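Subject: The structure we talked about

Hi,

Here is the structure I promised to pass on. Please have a look at it first, and then read my notes underneath.

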Amino acid sequence: MTSSVFSLRAALLALLCMLSALVLAATDAPPAARPALKLSPQDLAVASRAPLAERLSFTGALQALRATTLAARTEGVAVEVSVREGEAVRAGQVLARLEAADLQERVNEQAALVATERARLALARQKLEKQRELYAQNFISKLAFDELDSNFQVSQAQLRAQEAQLARARKALEDTVIRAPFAGVIHERAINLGQRVAVNGKLFALADLTQLEIAASVPARQIARIAIGQRARFTVEGGAREFAGQVARINPVALAGTRSFNVFIAVDNRDGQLRGGQFAQGALLLRDAGQALSLPIPAIRDAASAQPWVLKLVGDKAVRQAVTLGVRDDAANRVQIVAGLQDGERVLLAGVLGVQAGDRVQAPAVGK
């Protein structure tokens, strides 16, 4: 019995020794090499030169740089209305006339009063000059001469007063004729033939559509990058043609509530292709890098950090490579590589999973 137990213990001890040896052998063995990951052309990007520009998107409505509302300066009945909505007019062109018979009579009466006062003044001047000679020879008293001089001064004042009233009467008569203050297009008419209008009553709305502008709202964090003269490109709703403009004015005060700033983009519309009120969508050119070395944005890792990097192909390995970024063109989905890569070098897109720096990869041949 004792011999059998002893034999069993010896067998177990031998088995444990053998297992320990196997474990130690497995631990000392070198790890198996990871197989190279096969890449497809869609997994790679090539550093190449492309036109790059950094832009800031904007939206806004086109509006006339010069626009006005014409109102009646005098009360009256419209006896002539010569334009309608959509008609182009010249500077100074007659748009409407108001009844002016009463005002014309007033002008005539006032002109007659002015003529009378001028005649009286001329007579008073003659008397004064004649009495001046007599006064110099002491034929009349100083009191009598001063009275004549006073009468002359009164006549002068009365003439000036009558001339002022005549000017006001003529101005009121002129106000019965409504003229265009500048060349443009009538886009609203609020008067009809035979209609009585009150003083300050709205008559027409006029706009010069040869020069337009877009009021674009820019966030406060971007306003420091906007400058007078920056170029803009935009399209309008319902059309694919691209139009050009440039920053003409910047409102230095932020809009209440939004903390954004209005930037006014001037647009030359002498060809008449744009309309007031159209909705525009486009972008301001902030920086233009020209033909610059670049990569697709998805190839950059930690792009928002202080040290972005890429996985560059060096032989059959993926190597971590720090890069310096420049202009980011969101429209082209590319970013400028200022330093870190050469033209033609290939990198892995960030979306390729399972590849780390130092891993072996099997990349397709260039051109395939």
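Below is what I found, beginning with confidence and moving on to the cores and the sheets.

Please keep in mind that this is a predicted model. The pLDDT averages 86 over the chain, and 90% of the residues score at least 70. One stretch to treat with care is residues 28–32, where the pLDDT is below 50. Beyond near neighbours in sequence, residues 28–32 have zero contacts in the model.

Next, the nonpolar cores. The largest one has 25 residues. Phe 58, Leu 62, Ile 214, Ile 226, Phe 234 and Leu 274 are the members with the most contacts inside it. Which strands supply at least two residues each to this core? They are β3 (48–71), β10 (202–219), β11 (231–236), β12 (243–250), β13 (260–268) and β14 (279–296). The largest share, five residues, comes from β10.

If you want one residue to click on, try Phe 58. Leaving aside residues up to four places away in sequence, Phe 58 touches a whole list of others, including Ile 214, Ala 216, Phe 234, Ile 265 and Leu 284. Its partners are not just nonpolar residues, since Arg 233 and Gln 281 are also among them.

Apart from this core lies another, of 24 residues. Among its members are Ile 297, Trp 309, Val 335 and Val 355. As a general background, nonpolar side chains in soluble globular proteins tend to be buried together.

Now to two of the sheets. One is an open sheet of four strands in the order β2-β19-β15-β16, with antiparallel pairing. Its edge strands are β2 (44–46) and β16 (317–322), each of which pairs on one side only. On average, neighbouring strands here are turned by 45 degrees against each other, direction ignored. Inside this sheet, two bridges join β15 (residues 309–314) to β19 (residues 346–348). To find the spot, look for Lys 312, whose bridge partner in β19 is Val 347.

The other is also an open sheet of four antiparallel strands, in the order β7-β6-β4-β9. Why do β7 and β9 each have one side without a neighbour in the sheet? Both β7 (177–179) and β9 (196–197) stand at the edges with a single partner strand, so one side of each is left free of a neighbour there. Three bridges join β6 (residues 94–98) to β7, and Val 94 stands opposite Arg 179 in β7.

Happy browsing, and do write back with any questions!

Best wishes

Definitions and conventions
Residues are numbered from 1 along each chain as its sequence is written. This is a predicted model: local features need pLDDT of at least 70, side-chain atom pairs count only at pLDDT 80 or more; totals for chains, interfaces and linings use all residues. Side-chain values use heavy atoms; hydrogens and water are left out. Two strands pair if DSSP finds at least two bridges between them. Axes are lines fitted to C-alpha atoms, for helices over the stretch in contact, and angles run from 0 to 180 degrees between N-to-C directions. A nonpolar core is a set of buried Ala, Val, Leu, Ile, Met, Phe, Trp, Tyr and Cys residues joined through side-chain atoms within 4.5 Å. Buried means under 20% relative accessible area, exposed over 50%, partly exposed in between (1.4 Å probe, protein chains only). Contact means heavy atoms within 4.5 Å. pLDDT is the predictor's confidence in each residue, from 0 to 100.
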